[in-house]
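These notebook entries record what I looked up about the ligand sites and internal spaces of one model. I took the ligand surroundings and the cavities in turn.

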Amino acid sequence: MNLIFIFGDQLSLSLPSLAEVNKADDVILMCEVRAEATAVKHHKKKIAFLFSAMRHFADELMREGYDVCYVKIDDPENTQSFAAELKRAVNRYRPQNVLITEPSEHRVRELVKAWQENLDCDVTIFPDDRFLCSAADFQAWAEGRKQLRMEYFYRSLRRKYDVLMEGDKPVGGAWNYDKQNRSPAKEKLSIPKPYMEAPDAVTQDVMDLVAELFSDHFGDMEPFHYAVTRQGALEALDHFIETRLANFGTYQDAMLSGQPWMFHSHISLYLNCGLLGPLECIRKAELAYHAGQAPLNSVEGFIRQILGWREYVKGIYDMKMPGYVAENYLEAKRALPEFYWSGQTQMNCLKHCVTETRENAYAHHIQRLMVLGNFALIAGLNPDEVNAWYHLVYADAYEWVELPNVSGMVLFADGGVLASKPYAASGAYINRMSNYCGSCSYKVSAKNGPKACPFNYLYWNFMIENHDKLSANPRMAMPYRTLSKMDQAKRAAVISDAHRFFKKIESGEIV
Ligand code: FAD
Ligand code: DLZ
Ligand code: SF4
C-alpha cells in the first residue's frame with residue numbers, strides 16, 4: 001500500500017500524488033503540528049484558517065472515498081513534527097511507498113530528502129504542477145538573460161496560456177495598462193463589503209484551540225470571516241469578480257484610512273494553500289472582460305499579479321534557494337522597531353497598516369510595499385528580522401512568496417535580481433496615494449526638523465548611505481542627480497534628522 005502525505009498548503013483534489021491513489025488500499029496522512037505553527041510564530045488567524053481548511057479538506061477527501069489519517073494538534077499521541085508524525089504513520093501502516101507532492105518551501109524539501117534516505121520504504125516525490133511555470137521552465141527562460149524582468153516573463157506566459165490574446169497580439173494592443181492603475185481614492189468612494197463567512201463548528205473548535213495553544217502569537221483571532229473550504233473560496237472569488245474587479249485596476253495602488261480591503265481580491269490565502277488554482281482565477285477574470293463586466297485595465301492588472309508576479313516570485317525562489325535567505329546587498333543591520341508589533345507610532349500610515357495587519361492577517365499590496373516595506377528599506381532594517389515579520393503576520397505567507405517579495409522587491413537585498421531598482425519613496429508618494437497624512441502628527445510637507453515626516457529625511461539619508469551601491473543604477477539617476485545638487489547644509493540636516501530618529505527608535509521611544 002501507499003501512504004500519501006499531504007501538507008497544509010496542498011489542499012487540492014488535483015494534487016499529483018492523489019492521482020496515484022488506490023482508494024481500496026492506500027491511506028492519506030495529514031497532520032497539524034506545533035513545529036510548523038512555530039517555525040515562525042504565525043499569526044493566530046493564519047493558524048486557525050489553515051487548520052480549519054485542512055480539517056475541511058480531510059472531510060472532503062473522506063466524502064470522496066479516501067481513507068484519511070488526520071492528526072489533530074491536541075491529539076495526545078501527536079509528536080508535533082512532520083518527521084515524527086510520518087515515522088509514526090509508517091510504523092502503523094507499513095506502506096511500501098510514501099507519496100509526496102513536492103513541498104513549496106525549501107526547508108520542507110530538505111526534510112523530504114532526509115526521509116528518502118532514512119525511512120524503511122520508498123519515498124516518491126511528484127512535481128507540484130499547480131503553478132503555471134515549473135522551476136525547470138523558469139530556469140530555461142532565465143538562462144542567458146542579463147537581467148530578469150517580470151514584464152517579459154509575464155508576456156511569455158500570456159502567449160503560452162493564450163490569456164488576453166488576439167492571435168499573437170495582446171488584447172487592446174498593449175501588454176500592460178499600469179499607467180491607468182495609479183489613481184488615488186476619494187474618501188467618499190463607495191467600497192463594497194468583502195466576502196465574509198461566519199465560522200462554522202469546525203472553525204470555532206480550531207479557534208478555541210489556537211487561542212489556548214498559541215496565545216502568545218501575534219494577531220487578533222476575531223472577527224474571523226475567511227472561507228475555509230474550496231466551495232467558500234470559489235464564492236469569494238466570484239464575489240470579487242462581481243463586485244470589485246471592475247475597479248481593481250484604477251484603485252490598485254490607493255490606500256484609505258479604515259479601508260483595509262479596497263478593491264483587492266483577498267484570495268491569496270486560498271491560492272497559496274491550494275483551495276483555488278491560479279488558472280481558474282485568471283480565466284474567470286478574462287471571461288468577465290469578454291462579457292463586458294470589467295474594463296481591460298482592471299482585468300489585465302489582476303491577471304498580471306497572478307500570471308506575472310506570483311509565478312515570477314516562485315521562479316526566483318526555486319532558482320535562488322537556499323542562498324537567497326542570507327542575501328543582504330545593502331548590508332542593512334537595524335533591528336525591527338517595536339511598533340511593527342504594537343502599532344504604537346505617531347506615523348499614521350504605519351499605525352494603520354500595522355493595526356490592520358494585526359486585525360486581519362492581511363494588508364493589501366501597496367500597504368505592504370510602500371508603507372511597511374518602504375520604511376523597512378529606507379530605515380535600513382535587517383532582512384532576517386523583516387522577513388520573519390512578513391512571514392508570520394500574513395495569512396497568505398509561505399517562504400516561497402514572502403521571501404522574494406521582501407528580500408527582492410522591498411529590501412533590494414538581492415542587489416537587483418528581482419527588481420530593477422529599490423522601491424524607495426518619500427512621504428509625498430504616501431500622501432498622493434492615501435489620506436493617511438491628513439491626520440498624522442507629522443507634516444508631510446516638512447522635509448526636516450522634529451515635525452517633518454520621517455519618510456522624507458529617511459529617504460534622502462538612504463540615498464546618501466547607499467550612494468556607492470546604487471548611484472550607478474540608471475533607474476536611480478534622477479534621485480542621485482537631485483542629491484548631487486543638494487547643498488551641504490541640507491545634507492547635514494538630513495543626516496542629523498535621520499540619526500536623531502534612529503536613536504529614538506533604539507531607545508524604545510515612541511516615534
Ligand atoms: P490582489 O491585489 O487582489 O492580487 C491578486 C493576486 O495576485 C493575489 O491574491 C496574489 O496571489 C497575486 N499577487 C499579487 N502581487 C503579488 C506578488 N508581488 N507576489 C506574488 N503574488 C502576487 N503575497 C502572498 O501571497 N504571500 C506573501 O507572503 C506575500 N508577502 C508580500 C510581502 C511584501 C513585502 C510585498 C510587497 C508583497 C507580498 N505579497 C505576498 C504580494 C501581495 O502583496 C499579496 O499577494 C496581496 O496583497 C494579497 O492580497 P490580494 O489577494 O487581495 O491580492
Ligand atoms: C503554515 C503551516 C502551519 C502553521 N501549520 C501546518 C501544520 O500543522 N501542518 C501542515 O501540514 N502544514 C502547516 N503549515 C503549512 C506548511 O508550513 C507548509 O505546507 C510547508 O511549509 C510547505 O513546504
Ligand atoms: Fe506617513 Fe509621513 Fe504621511 Fe505621517 S506624514 S502619514 S508619517 S507619510
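Before sorting residues by class, I fixed the terms: Ala, Val, Leu, Ile, Met, Phe, Trp, Tyr, Cys and Pro count as nonpolar, Asp, Glu, Lys and Arg as charged, and the others, Gly among them, as polar. I also noted that the model is predicted.

**Entry: ligand 3.** I applied these classes to the shell around ligand 3 and found 10 nonpolar residues, 2 polar residues and no charged residues. I then listed the shell by name: Met-347, Asn-348, Cys-349, Gly-427, Ile-430, Tyr-436, Cys-437, Cys-440, Tyr-442, Val-444, Cys-453 and Phe-455. Two elements give two or more residues to this shell, namely helix H14 (348–360) and helix H18 (427–433).

**Entry: ligand 2, surroundings.** Which residues come nearest to ligand 2? I found that 18 residues surround ligand 2, and that Gly-8, Asp-9, Cys-31, Val-33 and Glu-36 come nearest. By class, I recorded 10 nonpolar, 3 polar and 5 charged residues in the shell of ligand 2. Helix H1 (34–39), helix H2 (44–63) and helix H4 (106–118) each supply at least two residues of this shell. The largest share comes from H2, with 3 residues.

**Entry: ligand 2, polar contacts and burial.** I looked up the atom pairs that involve oxygen atoms of ligand 2. For Asp-9, an N or O atom of the side chain is 2.8 Å from a ligand 2 oxygen. For Gly-8, the partner is a backbone N or O atom, at 2.9 Å from an oxygen of ligand 2. For Ser-104, a backbone N or O atom lies 3.4 Å from an oxygen of ligand 2. I then checked burial: ligand 2 taken alone exposes 490 Å², of which the protein buries 99%.

**Entry: cavities.** How many cavities of 30 Å³ or more does the structure hold? I recorded 3. The largest cavity contains about 380 Å³ of space, and this cavity is the space taken by ligand 2.

**Entry: lining of the largest cavity.** I found 24 lining residues, with Gly-8, Glu-36, Leu-50, Phe-82 and Tyr-398 nearest the centre of the cavity. Gly-8 and Glu-36 were already in my list of residues that come nearest to ligand 2. H1, H2 and H4 each supply at least two residues of the lining, and H2 gives the most, with 5 residues. By class, I noted 14 nonpolar, 4 polar and 6 charged residues in the lining.

How values were computed. Residues are numbered from 1 along each chain as its sequence is written. Chains are lettered from A and ligands numbered from 1 in the order in which they are written. This is a predicted model: local features need pLDDT of at least 70, side-chain atom pairs count only at pLDDT 80 or more; totals for chains, interfaces and linings use all residues. Side-chain values use heavy atoms; hydrogens and water are left out. A residue is near a molecule or strand if one of its heavy atoms lies within 4 Å of it. A polar contact is a pair of N or O atoms within 3.5 Å; within protein, one must be able to donate a hydrogen and the other to accept it, and residues adjacent in sequence count only if both atoms are side-chain atoms. Accessible areas come from the Shrake-Rupley method with a 1.4 Å probe; for residues, only the protein chains shown count as cover. On a 1 Å grid over the protein atoms alone, a cavity is a set of points where a 1.4 Å probe fits but cannot get out, and a pocket is an open set with protein on both sides within 12 Å along at least five of seven lines; lining residues have an atom within 4 Å of a point. A molecule sits in a cavity or pocket if more than half of its atoms lie within 2 Å of its grid points. Helices (H or I, at least four residues) and strands (E, at least two) are DSSP runs, numbered from the N terminus. Grid points are joined across faces, edges and corners, and a volume is the space filled by probe spheres set on the points.
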